[in-house]
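Here is a quick walk through this model, from the inside outwards. Keep the 3D view open while you read.

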Amino acid sequence: MTEPCIFIHGIDEAGYGPLLGPLVVARADFVVAKADTELELCSGSPLRIADSKKIIKSGRGFAQLEATVLGLAAHLRGQEVSSVRGWLEFDGDSDRSGALAEAPWYDLDSLSLPLAAKASAIGDARRAFADGFVFRNGTVTGMRLRVFPERRFNLSLEETENKHETLFQEVASLLDEVLPRAGCARVTIDKLGGRTFYADKLSASFPFRPLEILNQSKEESRYRMELNDSAPTLRFWMKGDDRALEVALASMLAKYTREILMAVFNEYWCRRIPGLKRTAGYYQDGRRFLADLSASGKVSSIEIDQLTRRR
């Protein structure tokens with residue numbers, strides 16, 4: 001008799017704090033042998049799975065991150081991803097690119113992928129995932145993305161009146177896709193803005209689902225949700241991308257998505273205003289970038305308002 005599949009998932013975000021560019025929330029999906037499995041890397045794994053911020057800061061930085069995530073996408077999809085649009089629609093979901101099409105500065109066909117990684121490195125990563133040389137005790141089965149460009153982000157803030165609530169709604173949407181699934185054992189989420197208490201929000205998002213509070217502390221908030229055939233554990237971990245490999249991979253997926261969209265963003269504005277200094281979108285430099293756009297005399301106040309995220 002075939003053993004039932006057991007699934008665990010990790011969720012993280014990129015772009016929660018910046019003034020410019022999209023908010024991205026990602027989920028990494030795994031199948032494991034036992035419900036209490038904590039993922040481990042294979043001894044001598046050729047790939048680094050870690051907090052995306054640490055990878056970006058390392059010697060090979062962005063190229064290393066890009067090779068890993070594009071190799072994973074090629075493994076899951078069965079073919080290489082060669083464009084920003086292709087990355088966003090790797091699973092057939094065109095809504096992500098449709099939302100971005102609302103803004104002219106997200107021309108998804110303006111840049112090809114990879115941006116920095118060598119084709120050989122992407123191929124090596126693809127083979128490592130295919131041959132099971134990355135995770136010793138689990139297998140990646142999928143990944144999901146939620147992309148919030150500026151307009152959708154601002155509209156959501158008008159409804160929620162709270163940036164944290166906007167983020168939680170996207171996390172809840174990703175949870176809703178996997179929690180009812182037979183065999184879902186655990187979801188680990190990087191703590192959202194350092195919050196400690198999530199029971200009320202989980203109960204509001206999943207009414208009529210009994211929720212047991214297992215622990216609520218600065219380091220970890222843990223819950224068990226009663227479903228029809230299972231009782232998955234939800235873990236909100238401080239520095240989850242350092243402590244759980246499923247969250248680290250989600251961190252890498254979210255960070256890569258935001259980075260390539262910021263590359264598209266900068267490509268548009270630098271083409272329109274020659275000599276413009278690029279931005280990563282974080283608050284101080286984002287203010288500088290907006291001032292430069294205004295000073296150029298080539299960008300209207302309406303456009304500046306449209307590309308600025310409400311905080």
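## The inside

The largest nonpolar core takes in 71 residues, and those with the most contacts inside it are Trp87, Leu253, Trp269 and Leu293. Helix H10, spanning residues 245–272, gives the most to this core, putting in 17 residues. There is also a second, separate core, with 28 residues, including Leu23, Leu167, Leu174 and Met225. Bear in mind throughout that this is a predicted model.

Zoom in on Leu293 for a moment. Setting aside neighbours within four places in sequence, Leu293 is in contact with Trp269, Ile273, Leu276, Val299, Ile304 and Leu307. Leu307 sits in helix H12 (residues 301–307) and is buried, at 0% relative accessibility. With neighbours within four places in sequence left out again, the contacts of Leu307 are Leu19, Leu20, Trp105, Glu150, Phe265, Trp269, Leu290 and Leu293. Leu307 also sits 7.5 Å from Arg151, C-alpha to C-alpha, with their places 156 residues apart in sequence.

## How H2 meets H10

Two packed helices are described by the angle between their axes and the distance between the axes. Which way do H2 and H10 run relative to each other? Helix H2 (residues 61–77) packs on H10 at an angle of about 110°, and the axes are 10 Å apart. Angles of 65 to 115 degrees count as roughly perpendicular, so H2 and H10 are roughly perpendicular to each other. On the H2 side the contact is made by Phe62, Leu65, Glu66, Thr68, Val69, Leu70 and Leu72, while H10 brings Leu249, Met252, Leu253, Lys255, Tyr256, Glu259 and Ile260. Leu253, on that list, is also among the residues with the most contacts inside the largest core.

## Charged pairs

Side chains of opposite charge can pair when their charged atoms come close. A search of the whole structure turns up 28 salt bridges. Here are three of them.

| Acidic residue | Basic residue | Closest N to O |
|---|---|---|
| Glu40 | Arg136 | 2.7 Å |
| Glu177 | Arg146 | 2.7 Å |
| Glu267 | Arg278 | 3.2 Å |

Take Glu40 and Arg136, which form a salt bridge. This pair links distant parts of the chain, 96 residues apart: Glu40 is in the loop between strand S2 (23–32) and helix H1 (52–57), and Arg136 is in the loop between helix H5 (119–130) and strand S3 (138–148). Glu40 is partly exposed at 38% relative accessibility, whereas Arg136 is exposed at 52%.

Next come Glu177 and Arg146, joined by a salt bridge. Glu177 lies in helix H7 (residues 163–178) and Arg146 in strand S3, so this pair ties together parts 31 residues apart in sequence. Is Arg146 buried or exposed? Arg146 has a relative accessibility of 14% and counts as buried, whereas its partner Glu177 is partly exposed, with 32%.

The third bridge pairs the side chains of Glu267 and Arg278. Glu267 belongs to helix H10 and Arg278 to the loop between H10 and helix H11 (283–296), so the parts tied together are 11 residues apart in sequence. Both ends are partly exposed: Glu267 has a relative accessible area of 24%, and Arg278 has 43% relative accessibility.

Some bridges share partners, and these join Arg27, Asp29, Asp91, Arg96, Arg144, Arg146, Glu170 and Glu177 into one network. Asp29, a member of this network, is in strand S2 and is buried, with a relative accessible area of 6%. What else does the side chain of Asp29 make a polar contact with? The side chain of His9 is the partner, at 2.7 Å. Neighbours within four places in sequence aside, Asp29 is in contact with Ile8, His9, Thr139, Val140, Thr141, Gly142 and Met143.

## Backbone oddments

A few backbone details are worth a look. Leu113 and Pro114 are joined by a cis peptide bond, with omega about 5°; Pro114 is in the loop between helix H4 (95–100) and H5.

Glu161 is not a glycine, yet its phi is positive, near 60°. Glu161 lies in the loop between helix H6 (150–160) and H7 and is exposed, with a relative accessible area of 72%. Lys239 has a positive phi too, about 55°. Lys239 is found in the loop between strand S7 (233–237) and helix H9 (240–243), and at 56% relative accessibility Lys239 counts as exposed.

Notes. Residues numbered from 1 in each chain as written. Predicted model: local features only at pLDDT ≥ 70, side-chain atom pairs only at ≥ 80, totals over all residues. Heavy atoms only, no water. Core = buried A, V, L, I, M, F, W, Y, C linked by side-chain atoms within 4.5 Å. Buried < 20%, exposed > 50% of the residue type's maximum accessible area, 1.4 Å probe, protein only. Helix = DSSP H or I, 4+ residues; strand = E, 2+ residues; numbered from the N terminus. Contact = heavy atoms within 4.5 Å. Salt bridge = Lys/Arg side-chain N within 4 Å of Asp/Glu carboxyl O. Polar contact = N/O pair within 3.5 Å; in protein donor to acceptor, adjacent residues only side chain to side chain. Axes fitted to C-alpha atoms, helices over the stretch in contact; angles between N-to-C directions. Parallel < 35°, antiparallel > 145°, perpendicular 65-115°, else oblique.
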